[in-house]
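Student: I should like a close look at the packing of a single pair of helices. Please then relate that part to the residues and the chain around the pair.

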Amino acid sequence: MKKNLNMKNNKILLFFIVLFDLQLLPTIGFLLLFLTSDVIAYYGMVFFAKRGNITAQEFIADAYLNHYGSALVSAEEAEFWLRQVAEEGRTDAQYKLANCYKAGLFGKKDSKQAVLWYRKGAEQGHKDCQRQLLECYAHGDGTDKDMKQVISYYRQGAEQGDIKCIYQLALCYKYGNGVPADTKQAINLFRQGAEQGVELGADYFSRMRGEVKWEHKQCHYRLGLCYKHGDGVSKDLKQAVNWFSKGGNLGDPDCRYQLGVCYQRGYGVNKDLKQAASLFTKAADDGHMGAQYNLGQCYELGLGVQKDRNRAIDWYRQAAKQGNSGANKALARLGDTRSVSHP
C-alpha cells in the first residue's frame with residue numbers, strides 16, 4: 001500500500017500536533033484509529049514517534065503485536081519502536097520486548113535478547129521480569145543454568161510472602177532441585193502458602209481481587225498428599241482431609257478430587273458415596289481427568305448416584321480425550337466403539 005497524505009490528512013496531522021501539545025494524544029489517537037482510518041492513525045503515530053513521544057512509539061508496536069495495524073506496521077518497525085521505549089527504561093516495555101524475543105514474534109526467537117531485557121526489567125524491580133529471568137536461569141534458556149540465582153531469589157521472595165516464590169522454593173526442597181532434598185522444609189513452606197491462602201480466602205474483597213492464586217491452592221493439595229502418604233510427616237488421614245477440604249473450598253480441582261477419593265473410600269472421614277460423587281462432579285467440570293474417570297465409574301456402578309450408562313459413557317469419553325487409558329477400557333466394556341482423539 002502506497003503511503004501518501006492528502007490535504008485532509010495533513011489537517012488531521014495538524015490536529016494531532018495540537019493534541020500532542022495538550023498531552024491528549026494517547027486517548028484521541030485510539031479514537032481516531034477507529035473513527036477515521038488505519039492509515040491516518042498510522043501516520044499520526046509515526047509523526048509523534050519520531051518526535052520522541054513514547055506513547056506513540058509503543059502504540060505502533062502494539063498495532064503490530066495485537067494485529068490491528070499489521071498491514072501497515074512491519075515486524076522490523078514494531079521491534080524498532082518497542083526497543084526505543086524499552087531503552088527509555090520503561091519496565092513494561094522491557095517485559096513486552098523480552099516476551100517478543102522469547103516467542104519469536106519479530107520473525108525468529110532470540111533467547112539471549114530475551115534474557116537481556118528480562119534482566120533490565122528485573123534490575124528495576126519488575127516482578128514478571130524477575131520471574132521470567134528465573135525461568136531462564138532454571139532451564140538454561142538463553143543463559144547458563146544457574147540454580148543458585150534461582151534459589152536466592154525464591155528465598156528473598158518467600159521471606160516477603162510472595163506465594164509464587166514460597167511454592168517454587170517448596171518444590172525445590174521437595175525434589176532436591178538446586179538445594180539438598182528436605183521434605184520437612186518443603187512441608188513448612190507448603191503450610192506457609194496454604195495458611196496464607198486460607199486467610200485471603202476468608203476475606204471477600206481479597207477473593208474478588210483474585211488474590212487467592214493457583215499456588216495457594218496447590219500448597220493445600222501438596223500438604224494434603226504429604227499427610228495422606230506419610231511423606232515427611234506422620235501419616236494422618238484426618239489432616240489430609242482437612243487440607244484437601246480447605247483447598248477444595250478455594251476451588252482447587254485437585255483437592256476436590258482427592259477429597260472425593262477420601263469420602264469414597266472412608267479415608268480419614270466417614271464413607272459417603274453421595275458426597276464423593278458431588279466432589280468428583282465439581283472437579284470433573286473443571287476438567288480434572290481423574291475425577292472424570294471416577295465420575296464415569298460412579299454412573300456405571302451406581303456409586304452415590306443413580307446408574308446411568310449414557311452419563312457414564314459421557315464422562316469416560318471426557319477422560320479418554322485427556323489420555324486416560326482406563327477410560328478407554330471402560331468405553332470398550334460398555335460397547336462404545338466411537339473413536340476418541342486426545343492430544
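Tutor: A residue counts as buried when its relative accessible area is under 20%, as exposed when that area is over 50%, and as partly exposed in between. The model under discussion is predicted.

The pair to examine consists of helix α8, residues 127–139, and helix α9, residues 147–159. Two packed helices are described by the angle between their axes and the distance between the axes. For α8 and α9, the angle is about 145° and the axes lie 8 Å apart. The handedness of this crossing is left-handed. On the α8 side, the residues that meet α9 are Lys 127, Gln 130, Arg 131, Leu 134, Glu 135, Tyr 137 and Ala 138. The α9 side contributes Met 147, Gln 149, Val 150, Tyr 153 and Tyr 154. Sorted by class, this contact comprises 7 nonpolar residues, 2 polar residues and 3 charged residues.

One of the α8 residues named above, Gln 130, also serves as a link to helix α7. Ala 122 is located in α7, and outside the four places on either side in sequence it touches Cys 129, Gln 130 and Leu 133. Gln 130 is thus a residue that touches Ala 122 and also takes part in the meeting of α8 with α9. The relative accessibility of Ala 122 is 14%, so this residue counts as buried. A further distance concerns Gln 132: 10 residues separate it from Ala 122 in sequence, and their C-alpha atoms are 8.9 Å apart.

Moving to the loop between α6 (91–103) and α7 (111–123), one finds Phe 106. With 12% relative accessibility, Phe 106 is classed as buried. When residues up to four places away in sequence are left out, its contacts are Tyr 64, Leu 65, Ala 75, Ala 78, Glu 79, Leu 82, Leu 97, Cys 100 and Tyr 101. Ser 74 lies 32 residues from Phe 106 along the chain, with 8.9 Å between the two C-alpha atoms.

Helix α13, residues 214–229, offers a polar counterpart, since it holds Gln 218. A relative accessibility of 4% places Gln 218 in the buried class, because that value is under 20%. The side chain of Gln 218 makes a polar contact of 2.9 Å with the side chain of Asp 254. Beyond four places in sequence, Gln 218 touches Tyr 167 and Asp 252 in addition to Asp 254.

The loop between α13 and α14 (237–249) contains Val 233. Its relative accessibility is 22%, so Val 233 counts as partly exposed. Ile 187, at 46 residues from Val 233 in sequence, has its C-alpha atom 8.4 Å from that of Val 233. Ile 187 is also among the residues that Val 233 touches, together with Cys 226 and Tyr 227, when sequence neighbours up to four places away are not counted.

Helix α15, residues 253–265, includes Tyr 257. This tyrosine is buried because its relative accessibility is 18%, under the 20% limit. Its contacts outside four places in sequence are Phe 280, Ala 283, His 288, Gly 290, Ala 291 and Asn 294. From Tyr 257 to Gln 292 there are 35 residues along the chain and 9.4 Å between C-alpha atoms.

The cysteines deserve a separate remark. Cys 219 is buried, with a relative accessible area of 0%, and for Cys 255 the relative accessible area is likewise 0%, so it too is buried. A disulfide is a covalent bond between the sulfur atoms of two cysteines. In this model, a search of the whole structure returns 0 disulfides.

The chain as a whole supplies the setting for these parts. Its secondary structure consists of 19 helices and 0 strands. It has 343 residues, of which 45% count as buried. Among contacts in the chain with a separation of 6 or more, 45% are between residues 24 or more positions apart. The pair α8 and α9, with axes 8 Å apart at about 145°, is therefore to be read within a chain of helices and 0 strands.

Technical notes: Residues are numbered from 1 along each chain as its sequence is written. This is a predicted model: local features need pLDDT of at least 70, side-chain atom pairs count only at pLDDT 80 or more; totals for chains, interfaces and linings use all residues. Side-chain values use heavy atoms; hydrogens and water are left out. Axes are lines fitted to C-alpha atoms, for helices over the stretch in contact, and angles run from 0 to 180 degrees between N-to-C directions. Helices (H or I, at least four residues) and strands (E, at least two) are DSSP runs, numbered from the N terminus. A crossing is left-handed if the near helix is turned anticlockwise from the far one by less than a right angle, and right-handed if clockwise. Contact means heavy atoms within 4.5 Å. Ala, Val, Leu, Ile, Met, Phe, Trp, Tyr, Cys and Pro count as nonpolar, Asp, Glu, Lys and Arg as charged, and the others, Gly among them, as polar. Buried means under 20% relative accessible area, exposed over 50%, partly exposed in between (1.4 Å probe, protein chains only). A polar contact is a pair of N or O atoms within 3.5 Å; within protein, one must be able to donate a hydrogen and the other to accept it, and residues adjacent in sequence count only if both atoms are side-chain atoms. A disulfide is a pair of cysteine sulfur atoms within 2.5 Å.
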